[in-house]
Structures are given as C-alpha cells and as structure tokens.
Amino acid sequence: MATAALEVLAAKGKPFWLMVEAGDVDWGSHGNDIDATIGAVKSGDDAFRAITGWIEAHGGWDDTAVIVTSDHGHMFVLEQPEAFAR
C-alpha cells in the first residue's frame, strides 16, 4: 500500500508527503499477542524497505526526508515464557 500511495502522489508532479503507520503493533502489544506484535514489526520493516527502495528507484535522496518515530512506547508482558521453550 505504501508504494501504491507513493506512485499516486508522484504522478501528480508536485511535492508531497506521506505518513505510513503500522497501528496493529499497538493492538498486538496491548493484547499481549506476540504473533500479532511480531507480524506488525515485520510488516513495518517491509513497508520501510519498500519506501526506501522506491526512493532509490525514483531519484534518490536529494529532495527526500524519511522520519521513523513512535507515538509512544509499550511494554509487552510475556505471561507464559515457558511456552517458547518447547
């Protein structure tokens, strides 16, 4: 979705900005759902790599800024760590 959004915005021929958010990492962490949390981190990494790849393929970094941040931290509580020892 991130690269599709970049293509649509770039086709307009004007400067633009795009915000991409992986909100499901927050849901996974609040629910102590390690599968959802890991999946969300992976999809966020995939989006970041797709975006930087798109930048490289479309003119590079001279007029581009990428900011990676978090709106807040979250503690993940692993209630049954023994489940991962199997």
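These legends go with a handful of close-up views of a predicted model.

**View 1. How sure the predictor is, from one helix to another.** Let's start with confidence. Averaged over the protein, pLDDT comes to 87, and 99% of the residues score at least 70. Helix 1 is where confidence is highest, with a mean of 95, while helix 2 has the lowest, at 82.

**View 2. Helix 1 packed with helix 3.** Here the two helices sit with their axes 9 Å apart, at an angle of about 35 degrees. If you like to keep track of handedness, this crossing is right-handed.

**View 3. The residues where helix 1 and helix 3 meet.** On the helix 1 side, look for Ala2, Thr3, Leu6, Glu7 and Ala10. Their partners in helix 3 are Ala50, Ile51 and Trp54. Sorted by class, the contact has six nonpolar residues, plus one polar and one charged.

**View 4. The largest pocket, with about 1700 Å³ of space.** A total of 43 residues line this pocket. To find its centre, head for Met19, Val20, Glu21, Ile51 and Ile67, the lining residues that lie nearest to that point. Ile51 may ring a bell, as it is also one of the helix 3 residues that meet helix 1.

**View 5. What the wall of the largest pocket is made of.** Three helices each give two or more residues to the lining: helix 1 (2-11), helix 2 (24-30) and helix 3 (34-57). Helix 3 hands over the largest share, 10 residues. As for the mix, 23 of the lining residues are nonpolar, 13 are polar and seven are charged.

**View 6. The second largest pocket, at about 150 Å³.** Its lining takes in Asn32 and Ile34, along with the run Phe76, Val77, Leu78, Glu79 and Gln80. Ala83 and Phe84 complete the set. By class, that gives six nonpolar residues, two polar ones and one charged.

Note on methods
Residues are numbered from 1 along each chain as its sequence is written. This is a predicted model: local features need pLDDT of at least 70, side-chain atom pairs count only at pLDDT 80 or more; totals for chains, interfaces and linings use all residues. Side-chain values use heavy atoms; hydrogens and water are left out. On a 1 Å grid over the protein atoms alone, a cavity is a set of points where a 1.4 Å probe fits but cannot get out, and a pocket is an open set with protein on both sides within 12 Å along at least five of seven lines; lining residues have an atom within 4 Å of a point. Grid points are joined across faces, edges and corners, and a volume is the space filled by probe spheres set on the points. Helices (H or I, at least four residues) and strands (E, at least two) are DSSP runs, numbered from the N terminus. Ala, Val, Leu, Ile, Met, Phe, Trp, Tyr, Cys and Pro count as nonpolar, Asp, Glu, Lys and Arg as charged, and the others, Gly among them, as polar. pLDDT is the predictor's confidence in each residue, from 0 to 100. Axes are lines fitted to C-alpha atoms, for helices over the stretch in contact, and angles run from 0 to 180 degrees between N-to-C directions. A crossing is left-handed if the near helix is turned anticlockwise from the far one by less than a right angle, and right-handed if clockwise. Contact means heavy atoms within 4.5 Å.
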